[in-house]
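Good morning, everyone, and thank you for making the time. I would like to walk through one model with you, taking charged side chains to begin with and aromatic rings after that.

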Amino acid sequence: MPRRLVHYLRNERRRKALTQADVAALLGGRWKGRIAWYERGAVPPTEVALEYEAILGKPVSDLLGGAFHRASLKVRRRAQELLKKDNNPNTPRQWRRHRVLERIAA
């Protein structure tokens, strides 16, 4: 499997013909250094990531592709572990939980 970038913020910014100063202003600050820091691999906080989504018009999970991929692998492994510990579900709620865990673990 090819190595994924932590995120695609720089690529998408350039595709939209925006400068780092433009993005900094749209994020409510004048700190181009922070934009460069995010573009070099730092994952922005949730609110900033959502603002990037609004600016660049792509879902956060696409913009932060590599980080999202790593997080989803961790969650999948944890769901698999929960399924191993799961006793036979015998109520509707336990069956719903079991199906959700199976979907996450797949």
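What you see here is a predicted model, and I will start at the surface, where Arg70, Lys74, Arg77 and Arg78 gather in a patch of positive charge. To place one member of that patch, Arg77 lies in helix 6, which spans residues 65-85, and with a relative accessible area of 47% Arg77 is partly exposed, since the exposed class begins over 50%.

Let me turn from that patch to charges that are paired. Side chains of opposite charge can pair when their charged atoms come close, and in this model the count of salt bridges comes to 4.

Let me take Glu12 as the starting point, because its relative accessibility is 5% and Glu12 therefore counts as buried. The side chain of Glu12 meets that of Arg15 in a salt bridge, with 2.4 Å from N to O. These two residues sit 3 residues apart in helix 1, residues 9-15, and so they are separated by about one helical turn. Arg15, for its part, counts as exposed, at 60% relative accessibility, whereas its partner Glu12 counts as buried.

Glu12 also has a second partner, for Lys58 forms a salt bridge with Glu12 in which the closest N and O atoms are 3.3 Å apart. That pair links distant parts of the chain, given that Lys58 belongs to the loop between helix 4 (46-56) and helix 5 (60-63), while Glu12 belongs to helix 1, 46 residues apart. As for its surroundings, Lys58 is partly exposed, with a relative accessible area of 31%. Taken together, Glu12, Arg15 and Lys58 are linked in a network of salt bridges.

Another salt bridge brings together the side chains of Arg13 and Glu39, at 2.5 Å from N to O. Here too the pair links distant parts of the chain, with Arg13 in helix 1 and Glu39 in helix 3 (residues 32-39), 26 residues apart. Are these two partners buried or exposed? Arg13 has a relative accessibility of 8% and counts as buried, and Glu39, at 6%, counts as buried as well; the reasoning rests on the cut-off, because buried means under 20% relative accessible area.

That brings me to the aromatic rings. A pair of aromatic rings is described by the distance of the centres and the angle of the planes, and the count of aromatic pairs in this model comes to 2. In one of them, the rings of Trp37 and Tyr38 have their centres 5.7 Å apart and their planes at 35°, so the pair is tilted. Trp37 is partly exposed, with a relative accessible area of 45%, whereas Tyr38 is buried, with a relative accessible area of 2%.

Tyr38 also pairs with Tyr52, and this aromatic pair is edge-to-face, with 6.3 Å from centre to centre and 75° between the planes. The pair of Tyr38 and Tyr52 links distant parts of the chain, Tyr38 being in helix 3 and Tyr52 in helix 4, 14 residues apart. Both Tyr38 and Tyr52 are buried, and the ring pairs link Trp37, Tyr38 and Tyr52 into a cluster.

To close, I would ask you to keep two groups in view as you look at the model again: the salt-bridge network of Glu12, Arg15 and Lys58, and the ring cluster of Trp37, Tyr38 and Tyr52.

How values were computed: Residues numbered from 1 in each chain as written. Predicted model: local features only at pLDDT ≥ 70, side-chain atom pairs only at ≥ 80, totals over all residues. Heavy atoms only, no water. Patch = residues over 30% accessible without salt bridge, like charges linked within 9 Å, V, L, I, M, F, W, Y side chains within 5 Å. Areas by Shrake-Rupley, 256 points an atom, 1.4 Å probe, with all protein chains shown as cover. Lys, Arg positive; Asp, Glu negative; His and termini not counted. Charge placed at Lys NZ, Arg CZ, Asp CG, Glu CD. Helix = DSSP H or I, 4+ residues; strand = E, 2+ residues; numbered from the N terminus. Buried < 20%, exposed > 50% of the residue type's maximum accessible area, 1.4 Å probe, protein only. Phe/Tyr/Trp six-rings, centres within 6.5 Å; stacked < 30°, edge-to-face > 60°.
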